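Dear colleague,

I am passing on the structure below, together with some notes on what turned up when it was examined. Please read them with the model open beside you.

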Amino acid sequence: MTLLAGAAALAGCTPGASGEGVLRVGIVGAGTSETLDPTHMDTEVSIARAFQIFEPLVKMGSGDEIVENVLAESFTPNDDASVWTLKLRDGVRWHDGTPLTVDDAIYTINYNVENKTWAANIWSNVDRPGLHKVDDLTLQMPLTAPNFLFPETLVDTNELIIKDGTTSFERPIGTGPFKFESFTPGQQSTFVRNDDYWGGAPKLEKVEIDSINDDSARLNALMSGQVDAISGVPFSGIAQLERSGLSVSNKPSGSWVGIRMNTRMKPFDDPRVREAMRLLIDRDQIVSNAYGGNAAVGNDLFGWFDPNFADLPQRSYDDDKARELLKEAGYENLTLSLPTTNLAPGMNEMVTLFAASAAKAGVTITVQQMPMAEFYATPQSEQPWSPTYWEGRPIGTQINMQMSPLAVDSGLSETAWTDPGFLAAYEAATSSSGPADQRSHLIEAQTRIYDEGPYIIPAFLNLVTAHADYVSGLTTNMRMPFGDYDFSDVMVK
């Protein structure tokens, strides 16, 4: 489609691509692996769909408020944070009309741990036999170890509450603003308004989410009026959309595309190799070329927006030092294969640029471009290294999800990194009640990640979305496009 044709089609499709009160959104898809199972969401399109139906106890806040309540009305610790009391929001009903109770929370915890889902380690530090139902809305939750950061560890996309007794997600029932109507993996899904939503009935009648993998096809779908909004806007397409008269949101975020190194597999079991790899990526080049300037330079640490983020010296490209480290480790003239896929904007461009800059130190990296289904056919925990994409998360959330002993022991960690100094600092942070002590220990933990850790985080990419001008109420946050794909206040007119 030409730019002129796209603009003309757009001008003739008001209100909305699918009619008044219907929002149709195009998102990068994942083919037949897409799911509505809220405990196994591995791609953004699956997360976006699940967020229409299901809700968490807490979600990521903003500013100094790292955690914000959703289904939880309150989370209160005892004196040493070994037991937390959850008070559920009153008046919440499932889509089938039954009330939300702590039985649902108990079932969610047990379901995830017993089935070893992607949310298993989120709940694994709960002493499940000790769970005590005080009343229908109050639950005492003993932990396996004191943790003053417990609510923060729950801020995860897979931490969604499911109904007591749920065994199938083919026709899922949640508490969210929209109800399930239809779903075809790799293609399309439809959700209808929940008139009894506890937060007030959404303004939209329906939300339709289309899987559109190809970047150009996604742009053209918006310009032609096939969809009303898209996420995952390729940075090279921003100017084209703006010239077409479409509204583009381009906001900084905590989301990052990086490279994870499996510390149980050679050569990445050697910290000198990991450090060399971090020195061989040209961060400024990544920001300018892979992201077209729509990113901020990273320093191999996540959660820059978190008040407890460690401000450490900025790491920069140094091929001489990297060559020296590799020689010490016995890996001169290292040759590696690096698989990649179009999982997030700039991912393929980032790894290609990385391979070129690493070559200057005698490191040969062969980039293997592959479809997403093939990329995920081998679990990431079984690959030596690969690019990875994480939406913005607080520091404690990311650590608990990927670097805690529970994550490593359960096999859910994509890097299997263990470090005694890091673990001691993190455990000291979780057992400290004072914010100053927590911050001090978290900075120590991050310093260990910076020095010995398993990630290369070259940049934090902007979240770029676009929509037609007849759509209002779309927002963004540090974590995901459209404010965690929250369409409850969106209007199409």
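Strand β2, which covers residues 58–60, gives the largest share of the lining of the second largest cavity, contributing three residues to it. In this predicted model, that cavity holds about 30 Å³ of space, and its lining includes Val58, Lys59 and Met60, along with Phe51, Pro56, Leu154, Val155, Asp156, Glu159 and Arg479. Sorted by character, the lining residues of the second largest cavity are six nonpolar and four charged, with no polar ones.

A search of the whole structure finds two cavities of 30 Å³ or more, and the largest cavity encloses about 50 Å³. Around the largest cavity lie Val28, Asp215, Arg218, Gly232, Pro234, Asn342, Ala344 and Pro345, a lining that divides into four nonpolar, two polar and two charged residues.

As for the chain as a whole, it contains 17 helices and 22 strands, and its C-alpha atoms fill a box of roughly 65 × 65 × 40 Å along the principal axes. The radius of gyration of the protein chain is 23 Å, which agrees with a compact globule, because a globule of 493 residues would have a value near 23 Å. Buried residues account for 58% of the 493 residues, while the protein chain exposes about 18500 Å², of which carbon and sulfur atoms supply 48%. Finally, among contacts in the protein chain with a separation of 6 or more, 71% join residues that are 24 or more positions apart.

With best regards

Notes
Residues are numbered from 1 along each chain as its sequence is written. This is a predicted model: local features need pLDDT of at least 70, side-chain atom pairs count only at pLDDT 80 or more; totals for chains, interfaces and linings use all residues. Side-chain values use heavy atoms; hydrogens and water are left out. On a 1 Å grid over the protein atoms alone, a cavity is a set of points where a 1.4 Å probe fits but cannot get out, and a pocket is an open set with protein on both sides within 12 Å along at least five of seven lines; lining residues have an atom within 4 Å of a point. Grid points are joined across faces, edges and corners, and a volume is the space filled by probe spheres set on the points. Ala, Val, Leu, Ile, Met, Phe, Trp, Tyr, Cys and Pro count as nonpolar, Asp, Glu, Lys and Arg as charged, and the others, Gly among them, as polar. Helices (H or I, at least four residues) and strands (E, at least two) are DSSP runs, numbered from the N terminus. The radius of gyration is taken over C-alpha atoms; the globule rule is 2.2 Å times the number of residues to the power 0.38. Buried means under 20% relative accessible area, exposed over 50%, partly exposed in between (1.4 Å probe, protein chains only). Contact means heavy atoms within 4.5 Å. Accessible areas come from the Shrake-Rupley method with a 1.4 Å probe; for residues, only the protein chains shown count as cover.
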